[in-house]
Amino acid sequence: MDPEKCEGHARCYGLVPELFNVDDYGLSTVVGDGTVPVGLEAKARLAIANCPEYAIEEIAG
Amino acid sequence: MARTPAVHGWDTDFDVLDAGYIADPFRIWDELRKACPVAHSDRRGSTWLPTRYEDVVDLAHDVEHFSSLEVAVIPFDGEEPEDPVLLYGLPPISSDPPLHTSTRRLLLPWFSHRRVKGYEALTRELCATLIDGFKANGRADAAVDYAQQIPARVIAHILGVPPTLAGTFTGWVRDVLEFADDPERRAHGIEGLLTFFTEEVAHRRTEPGDDLLSELLHAEVDGAPVEESVVLGMAALVLIAGVDTTWSAIGSSLWHLATHSDDRARLVAEPSLMPTAIEELLRAYSPVTMARVVTGDVEFEGCPMKAGDRVLMNFPAANRDPEAFADPDQVVLDRALNRHVAFGSGIHRCAGSNLARMELRIALEEWLARIPEFYLSDDAEVTWAGGQVRGPRILPVVFP
Ligand code: HEM
Ligand code: SF4
């Protein structure tokens, strides 16, 4: 997650609350260290594909 | 209602208040995207109209050349008051940093996910009561009897004023946004809002409550209280930005479901689609177009823009751009790739989007739970408003 790009649309949190935290100003951060638990990969990609600011990226690991 | 002379070519003489454009702007944007993606018009001053996703997003992010000091799609051409109450317009929407930054930070927590959850029960009850009021009739105006009734009451609650004022609020907001080309109506709406909030502010100075207005009055920015003119502007903005917009989104979504039985049936059968369906309906029927004013002569996509020109932030057209969305005119309730900009993009993105989404979701959930099957009673009776905010204003539906 790139905090510089995030404008707080909270689209990610709205769609996949399991993977994101959101503060009172709408800015989002990933839960934990950002590793996506098994089974949530498709939802993680949904969040990426809905962020209008291109602030979330998938890092293979 | 022909309010404007016929358009001679959409690339050089567009008019966002043209009746044909209000009813069906989609074909016009398709043509423009191919022939002239940044159109121009000299009606109401020199104005540019971008239609491509990429261009709209670039413009929204370039706050240096494209200022928010004027965001009205229809410029005010009546007389400016000699002694203006709103020295700074309606911050944060009509301001650039740094005033934008501080006022936005004051508003955001009121519309955070956490707070908005707290307004959910009230919204649900309101929607249920409205439907119970007309369900037995087998028909209703989904715009007037339902969509229009919701946002103004929720905002009245947040501002800490009686819900019985909702109708009055809606009238002022329509004067300002929908009838912006009528200087008298616009002035009437602004005066109504300001007189009301000036009294409310005076009242809360002595008797603060647990509401947005009271908090703004007692907030500090860099150790200093917020000027009253700024508080008034912010309060008026919350009302102006939160009423027509959300009402239009609810109305357009119900129009879509009334005219697309397959989508309606699917949403009833698969309520888990609601989160992506909401985003998709917001994309396809984006209600809000904003404006920017060019700060200095600049060339954009080959267009010679002059200082003082207006650029329309055509978020609705961006959301129908085939370069950004596959099959953009198709509503796909589970569309996965959906970076829509119905709430704008960049630093001014909608501060109330969590609230708007919640109201839209609850309004649709409650409607579909009680009225799972409904249709337009007569296509010819439906009317749309447009310009700054597009949505149905009369929407008669029937249900068995
Ligand atoms: C579906 C409903 C709504 C839509 C489509 C919508 C759309 C937008 C858009 C496109 C902007 C960006 C303006 C720009 O770029 O100049 C905006 C800004 C704003 N909206 Fe909304 N809005 C909606 C509902 C609401 C609600 C319910 C509220 C609050 C009560 C609200 C409050 C605001 C505020 C305060 C701003 C200014 C933010 C800033 O300038 O930093 N909106 N909205
Ligand atoms: S969707 Fe993108 S911009 Fe919005 S909160 Fe999430 S990361 Fe930030």
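**Figure 1. B:Pro98 and its loop in chain B.** In this predicted model, B:Pro98 sits in the loop that runs between S3 and H5 of chain B. Look at the link just before B:Pro98: the peptide bond coming from B:Pro97 is cis, and its omega is near 10°.

**Figure 2. A cis bond at B:Pro92.** Here we zoom in on B:Pro91 and B:Pro92, which are joined by a cis peptide bond. Omega for this bond comes out at about 5°. As for its setting, B:Pro92 belongs to the loop between strand S3 (66-67) and helix H5 (99-107) of chain B.

**Figure 3. B:Asp222, a non-glycine residue with positive phi.** The backbone at B:Asp222 has a phi near 50°, so to speak on the positive side, even though the residue isn't glycine. You'll find B:Asp222 in the loop that links strand S5 (220-221) to strand S6 (224-225) in chain B.

**Figure 4. Helices H9 and H13 of chain B.** This pair is made up of H9 (residues 149-159) and H13 (residues 228-242), both from chain B. Their axes come within 10 Å and cross at roughly 160°. Angles over 145 degrees count as roughly antiparallel, and H9(B) and H13(B) are therefore roughly antiparallel to each other. As H9(B) passes H13(B), the crossing is right-handed.

**Figure 5. Helices H16 and H18 of chain B.** Next up are H16 (residues 274-284) and H18 (residues 353-370), again in chain B. They pack at an angle of about 110°, and their axes are 10 Å apart. The range from 65 to 115 degrees counts as roughly perpendicular, so that is how H16(B) and H18(B) lie relative to each other. The handedness of the H16(B) and H18(B) crossing is right-handed.

**Figure 6. The surroundings of ligand 2.** Ligand 2 has 14 residues around it. Those that come nearest are A:Cys6, A:Ala10, A:Cys12, A:Ser28 and A:Cys51. Sorted by class, the shell around ligand 2 holds 7 nonpolar, 4 polar and 3 charged residues. As for the space that ligand 2 takes up, it ranks as the second largest cavity.

Conventions:
Residues are numbered from 1 along each chain as its sequence is written. Chains are lettered from A and ligands numbered from 1 in the order in which they are written. This is a predicted model: local features need pLDDT of at least 70, side-chain atom pairs count only at pLDDT 80 or more; totals for chains, interfaces and linings use all residues. Side-chain values use heavy atoms; hydrogens and water are left out. A residue is near a molecule or strand if one of its heavy atoms lies within 4 Å of it. On a 1 Å grid over the protein atoms alone, a cavity is a set of points where a 1.4 Å probe fits but cannot get out, and a pocket is an open set with protein on both sides within 12 Å along at least five of seven lines; lining residues have an atom within 4 Å of a point. A molecule sits in a cavity or pocket if more than half of its atoms lie within 2 Å of its grid points. Ala, Val, Leu, Ile, Met, Phe, Trp, Tyr, Cys and Pro count as nonpolar, Asp, Glu, Lys and Arg as charged, and the others, Gly among them, as polar. Axes are lines fitted to C-alpha atoms, for helices over the stretch in contact, and angles run from 0 to 180 degrees between N-to-C directions. Helices (H or I, at least four residues) and strands (E, at least two) are DSSP runs, numbered from the N terminus. Angles under 35 degrees count as roughly parallel, over 145 as roughly antiparallel, 65 to 115 as roughly perpendicular and the rest as oblique. A crossing is left-handed if the near helix is turned anticlockwise from the far one by less than a right angle, and right-handed if clockwise.
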